[in-house]
Amino acid sequence: MGVRFKPRGHLSSSLSIDNFLKSHKNLSKTPPKLWLDTQHDPIEIDYQGLPILKLSHPILQALESCSSVRHFNQVHTQLIVSALFQHSLVASRVVKKLCSSSLTVSHAVYVFDCLDEPDAFVCNTIIRSYVNFNDPFSALRFYYGRMVGKWVLPNHYTFPILIKVCAEIGSLREGEKAHARVVQFGFESDLFVRNSLIHMYSVCGRIWDARMVFDAGPDWDLVSWNTMIDGYVKNGEVGVARELFDEMYERDVFSWNSMISGYVGIGDMEAAKGLFERMTIRDVVSWNCMIDGYARIGNVSVARDYFNQMSLQNVVSWNMMLALYVRSKDYSECLRLFDRMIEVGEAKPNEATLVSVLTACANLGSLERGKWVHSCLKNSGIKPDVLLSTALLTMYAKCGAMDLARDVFDEMPIRSVVSWNSMIMGYGIQGNAGKAIEVFMDMVKRGPMPNDATFVCVLSACTHAGMVLEGWWCFDLMCRVYKIEPKVEHYGCMVDLLARAGLMKDSEELISKMPMESGAALWGALLSACRTHSNLELGEIVAKRLIELEPRDIGPYVLLSNIYAAEGKWNDVEHVRKLMKERGLQKAAGSSLVQFGEFKSESFVGNCSVHRKSMVFSMLSEMGAQMKLSCGDSNMASELGA
C-alpha cells in the first residue's frame with residue numbers, strides 16, 4: 001500500500017487561507033486601549049466635526065506619562081487608530097513631549113511633516129527646543145524649510161525666538177530679514193519682539209539700530225532699558241549708557257551691575273566705586289565686578305578688601321582672587337587662600353581654581369602640594385581640559401618630575417602648543433637637551449605648529465647643555481622654514497650659547513647684526529661669558545656698553561669687578577666699587593626657597609635678625625681674608641718661581 005503526499009502548492013494555499021481568516025477575525029474585534037475609558041459624559045464636537053479635547057483626557061494623560069520610546073509609540077498608535085492625531089491639541093502635546101529630549105527632536109520634526117495643518121505653536125516648540133539644546137543653525141533651517149515652506153503663519157511668540165537665534169549665531173543679515181518679517185506681519189509694536197531686536201542689534205554691533213528700535217517703541221519696560229544700557233556698555237559707549245541710566249525711573253540690580261561693569265571695562269574705578277556705594281541692594285555679581293575691576297589695575301589690597309567684605313563668595317569670587325595672586329606672583333598667598341576656600345566649603349573648586357593653584361605650585365616648586373591637587377582632581381570627577389592638563393604637566397615639569405609630566409602629557413587627547421612647550425622646557429631645565437630636542441622633533445612631525453615660545457624653549461635647552469651646533473640648527477629652522485622673526489629672547493639664547501662656548505666674537509657679531517636695538521639682557525649674557533672665559537678686553541667694552549644702557553643696574557658693575565679680580569687688577573676693582581658707592585648702588589639681598597617634603601622654609605637675608613647678620617658678615621669677612629691670603633701666596637709663589 002503506497003503512501004500518498006499532498007501537493008506542496010495545496011499545503012501553502014491552505015495556510016494562507018487560515019492566516020486570512022485569523023486576521024479577519026482579529027480585525028473584527030475592538031482594538032485594545034492603553035487606558036480605561038472612565039469618561040461617561042458625551043464628547044463635545046466643534047464646528048469642524050472634531051471632538052473637543054481637554055488635557056484631562058486619558059490619552060493625553062497617558063502621553064504625558066510616557067517614559068520610553070516604546071511606550072510613546074504605543075500611545076502614538078492609539079492616537080492614529082482613534083483618529084485623534086491630527087487634532088491641534090494632541091499634535092502640540094505630542095511634539096512638546098518629543099522636544100523634551102535632544103535625542104527625539106528629529107522625531108518631532110518627522111511628526112510635524114505628518115501633520116495636515118500644523119500651527120505656529122508646534123513650530124515654535126521645535127525651534128525653541130533647538131535653541132535650548134544649543135543648535136541654533138538647525139532652528140534656522142527648520143524655520144525656513146518647514147515653517148515658511150509650509151506657509152505656517154507666525155504668532156507673536158515666533159519672532160522673539162527667531163531673533164534670539166540670529167543673535168546667538170551673530171548673523172546681522174538673518175536678523176535684518178527677521179526684522180523685515182516682523183514689520184510684514186505687523187508685530188513691530190510688540191514689546192517682547194522689540195526687546196529681542198534691541199538685543200540682536202546690540203550683539204551684532206549695530207547699537208544705533210538698536211537705539212532706533214528703542215526710540216520707536218510706544219512703551220518700554222525694565223528689560224527694554226536694561227537691554228539698551230547693556231548694549232551700549234558692551235559696544236564701548238559707557239558715557240551714553242550712563243545718560244540712559246540716569247533717565248531711568250526704575251532700576252534693578254542688573255541696571256546697576258551693567259553700569260559698574262562698564263566702568264570696570266574702561267578702568268574708571270572711581271566711577272564704579274561711586275555707583276557701587278549708592279546701591280541699596282547688592283548681589284554677588286556686584287561684588288565680583290568690583291573685585292574684577294581692582295584686579296585688572298593690579299590693586300591687590302583693595303580687591304582683597306572687597307572680597308573679605310562679601311557675606312557669601314561664589315566660585316567666581318575665589319577664582320578671581322586666586323588668579324590675581326598668581327598674576328602678582330604672590331604664589332604663597334594663592335595657596336593660603338585656596339586652603340581657606342577648602343576649609344570654608346562655600347564654593348566647590350572648578351577647573352579655573354585648579355589652574356591657578358597648580359601654577360602657584362609650579363612657581364614655588366611645591367611638588368607635594370601639586371601631587372595633592374592632582375589626587376583631588378582625580379577624586380572630584382572633573383574632566384581636565386587642555387588648559388588644566390597643561391597646568392598640571394607644567395607643574396610637574398618645573399618641579400623636575402618629568403616622568404609624571406610625561407604621564408600627563410601622554411594621557412592628553414588634545415595637546416596645545418603650550419603643552420608641547422612645557423615638555424620641552426621641562427627637559428631643558430633638567431639639562432636633558434637631547435630629550436628636549438626629541439620632543440621638539442616629535443612636535444614638528446605630528447603636533448601643532450611651533451611658535452616663537454617653542455624656539456625659546458629649545459634654544460634655552462641647547463644653551464644650558466652647550467649644544468652649539470644644535471642651537472644654530474634650531475635658530476636657522478625658525479627663521480628659514482617657519483618664517484618666525486627672531487625676538488630679543490631668541491638672540492639672547494644664541495648670544496648666551498655662543499658666549500658660553502667661548503665664541504665671544506661671534507656673540508658680539510650676532511648682537512651687532514640684530515635688526516632691533518639690542519637690550520641689556522644680551523649684553524649682560526655676553527659680559528657674563530667674558531668673565532667666565534677671562535676675556536678682559538672684550539669684557540671692559542661690553543660692561544661700558546651695558547652701564548650706558550642700564551646705569552642703575554648693579555649687575556654690570558659686579559661682573560666687571562669680578563673680571564678685574566680674576567685678572568688680579570685690584571686697583572681697578574676698587575675703582576669699580578668706588579663708582580658703585582658714588583652712584584648709590586647696593587647689591588640686593590638674596591633669597592632662597594628650600595623644600596623638604598612637606599616642610600617649606602623661606603629665608604631672606606633682609607629679614608634676618610641683627611645677630612644673624614653679624615654672624616653672616618663675620619663669616620664673609622673671614623672668607624674674604626682667606627681668599628686674599630690665598631691670592632697673595634699664589635702670587636708670591638709665582639714670583640719666587642720666576
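**Figure 1. The surroundings of W256 in helix α14.** In this predicted model, W256 keeps company with F245, R251, L275, R278 and M279, once its neighbours within four places in sequence are set aside. The residue belongs to helix α14, which covers residues 253-265. Its relative accessibility is 12%, so W256 counts as buried. One of the partners can also be followed along the backbone: L275 is 19 residues away from W256 along the chain, and the two C-alpha atoms are 7.2 Å apart.

**Figure 2. H76 in helix α3 and the residues it touches.** Here we move to helix α3, residues 69-81, where H76 has its place. Is H76 buried or exposed? With a relative accessibility of 13%, H76 counts as buried. Not counting residues up to four places away in sequence, H76 touches F85 and V111. For a backbone reference, look for V94: its C-alpha atom is separated by 8.2 Å from that of H76, and the two residues are 18 apart along the chain.

**Figure 3. Helices α26 and α28, side by side.** How do the axes of these two helices cross? Helix α26 (residues 452-465) and helix α28 (residues 488-500) have axes that come within 9 Å and cross at roughly 10°. Angles under 35 degrees count as roughly parallel, and that is why α26 is described as roughly parallel to α28. On the α26 side, the contact is made by D452, F455, V456, L459, S460, C462, T463 and H464. Facing them from α28 are E489, H490, C493, M494, D496, L497 and R500. By residue class, the contact of α26 with α28 contains seven nonpolar, four polar and four charged residues.

**Figure 4. Two edge-to-face aromatic pairs.** The structure holds 19 aromatic pairs, and this view picks out two of them. In the pair of W220 and W225, the ring centres are 6.2 Å apart and the planes stand at 65°, so the arrangement is edge-to-face. The two tryptophans can be told apart by their accessibility: W220 has 38% relative accessibility and therefore counts as partly exposed, while W225 has 15% and therefore counts as buried. F440 and W473 also form an edge-to-face pair, with 6.4 Å from centre to centre and 80° between the planes. This second pair links distant parts of the chain, since F440 is in helix α25 (residues 433-446) and W473 is in helix α27 (residues 468-480), 33 residues apart. F440 is buried, because its relative accessible area is 0%. W473, at 37% relative accessibility, counts as partly exposed.

**Figure 5. An aromatic cluster, and arginines over rings.** Which residues form one aromatic cluster? The members are F276, W287, Y294 and Y306. While you have F276 in view, look for R282 as well: R282 lies over the face of the F276 ring, at 4.2 Å from the ring centre. Another arginine over a ring is R415, whose charged end sits over F409 at 4.2 Å from the ring centre.

**Figure 6. Two loop residues with positive phi.** Most residues other than glycine have a negative phi. Against that background, two residues deserve a friendly second look. W151 is not a glycine, yet has a positive phi of about 55°. Its setting is the loop between α7 (136-148) and α8 (158-169). With 77% relative accessibility, W151 counts as exposed. K329, also not a glycine, has a positive phi of about 65°. K329 is found in the loop between α18 (315-327) and α19 (331-344). Its relative accessible area is 61%, so K329 is exposed.

**Figure 7. The whole protein, for orientation.** To place the close-ups, it helps to step back to the full chain. How many helices and strands does the protein have? There are 34 helices and two strands. Of the 642 residues in the protein, 41% are buried. Taking contacts between residues at least 6 apart in sequence, 57% of them join residues at least 24 apart.

Methods. Residues numbered from 1 in each chain as written. Predicted model: local features only at pLDDT ≥ 70, side-chain atom pairs only at ≥ 80, totals over all residues. Heavy atoms only, no water. Axes fitted to C-alpha atoms, helices over the stretch in contact; angles between N-to-C directions. Helix = DSSP H or I, 4+ residues; strand = E, 2+ residues; numbered from the N terminus. Parallel < 35°, antiparallel > 145°, perpendicular 65-115°, else oblique. Contact = heavy atoms within 4.5 Å. Nonpolar A, V, L, I, M, F, W, Y, C, P; charged D, E, K, R; others polar. Phe/Tyr/Trp six-rings, centres within 6.5 Å; stacked < 30°, edge-to-face > 60°. Buried < 20%, exposed > 50% of the residue type's maximum accessible area, 1.4 Å probe, protein only. Lys NZ or Arg CZ within 6 Å of the ring centre and 35° of its normal.
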